[in-house]
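Please examine the sequence and the three-dimensional structure shown below. The report that follows describes a part of the sheet and a metal site.

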Amino acid sequence: MIKHISHIGIAVKDLDEGIAFYQKLGLTLEGTEEVPSQMVKVAFFPCGDTRIELLAPTSGDSPIAKFLEKKGEGIQHIAFAVDDLPEELLKAEDSGIRLIDKEPRPGAHHADIAFLHPKSSLGVLIEFCQEQEHKEEEEEEE
Ligand code: ZN
């Protein structure tokens with residue numbers, strides 16, 4: 001089941017510049033994190049139930065570097081929070097939606113994520129995101 005919009009992913013060339021802009025708008029930076037699986041550095045700004053997620057590439061091979069090359073800075077994906085990611089992927093596939101990720105993979109914030117293919121979702125890159133709330137509570141790293 002889709003619960004709410006988890007975050008809106010925005011591609012930026014320079015993370016610090018992006019952070020400065022959203023702080024100017026009045027949002028509060030929650031933190032930054034490097035996500036090696038996607039070769040990106042991410043900055044989060046909570047906004048109600050949702051976050052603005054700024055994504056800057058850490059390598060020329062990053063999907064975000066390719067996005068910036070092709071389309072420039074801007075909204076890159078929309079992520080829906082789901083309660084059961086493997087089940088949502090099966091449902092989407094059964095409905096004939098093409099998947100980029102057939103299996104969940106690790107994303108930022110201890111979340112499991114998977115992308116649907118924009119060619120079968122009207123040009124919008126859609127991410128399903130299952131936040132591991134229990135895991136975060138147990139780890140209590142800080
Ligand atoms: Zn995302």
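Strands β3 and β4 run antiparallel and are joined by eight bridges. The structure is a predicted model. Within this pairing, P46 has R51 of β4 as its bridge partner. The two strands form a hairpin with two residues between them, and G48 takes a positive phi near 65° there.

Strand β3 (residues 40–47) also pairs with strand β2 (residues 31–35); the two run antiparallel, with five bridges. Here F44 in β3 is the bridge partner of G31. Four residues lie between β2 and β3 in their hairpin, and M39 in that turn has a positive phi of about 50°.

The table lists three of the strand pairings.

| Strand pair | Direction | Bridges | One bridge pair |
|---|---|---|---|
| β2 and β3 | antiparallel | five bridges | G31 and F44 |
| β3 and β4 | antiparallel | eight bridges | P46 and R51 |
| β1 and β5 | antiparallel | eight bridges | I5 and F80 |

These strands belong to an open sheet of eight strands, which has mixed pairing and the order β2-β3-β4-β1-β5-β8-β7-β6. The edges of the sheet are formed by β2 and β6 (105–106); each has a single partner strand, so one side of each is left without a neighbour in the sheet.

**The zinc site**

Which residues coordinate the zinc ion? The donors are H7 (NE2), H77 (NE2) and E127 (OE), at 2.0 to 2.1 Å. H7 lies in strand β1 (residues 2–11) and H77 in strand β5 (residues 74–82); this pair is 70 residues apart and links distant parts of the chain. Along the sequence, the donor residues follow the spacing H-x69-H-x49-E. Both H7 and H77 are buried.

**The surroundings of E53**

E53 is located in strand β4 (residues 50–57). What is the nearest side chain of opposite charge to E53, and how many ångströms away is it? It is R51, at 7.2 Å. A salt bridge requires a distance within 4 Å, and E53, although buried, has none.

The side chain of E53 does make polar contacts with two residues that also coordinate the zinc ion. The contact with the side chain of H7 is 3.0 Å, and the contact with the side chain of H77 is 3.4 Å. Leaving aside residues up to four places away in sequence, E53 touches H7, I8, G9, I10, V42, A43, F44 and H77. Among these, F44 is the residue of β3 that is the bridge partner of G31.

Key: Residues numbered from 1 in each chain as written. Predicted model: local features only at pLDDT ≥ 70, side-chain atom pairs only at ≥ 80, totals over all residues. Heavy atoms only, no water. Buried < 20%, exposed > 50% of the residue type's maximum accessible area, 1.4 Å probe, protein only. Lys, Arg positive; Asp, Glu negative; His and termini not counted. Polar contact = N/O pair within 3.5 Å; in protein donor to acceptor, adjacent residues only side chain to side chain. Contact = heavy atoms within 4.5 Å. Pairing = 2+ DSSP bridges. Donors = N, O, S within 2.8 Å, 3.2 Å for Na, K, Ca; no water.
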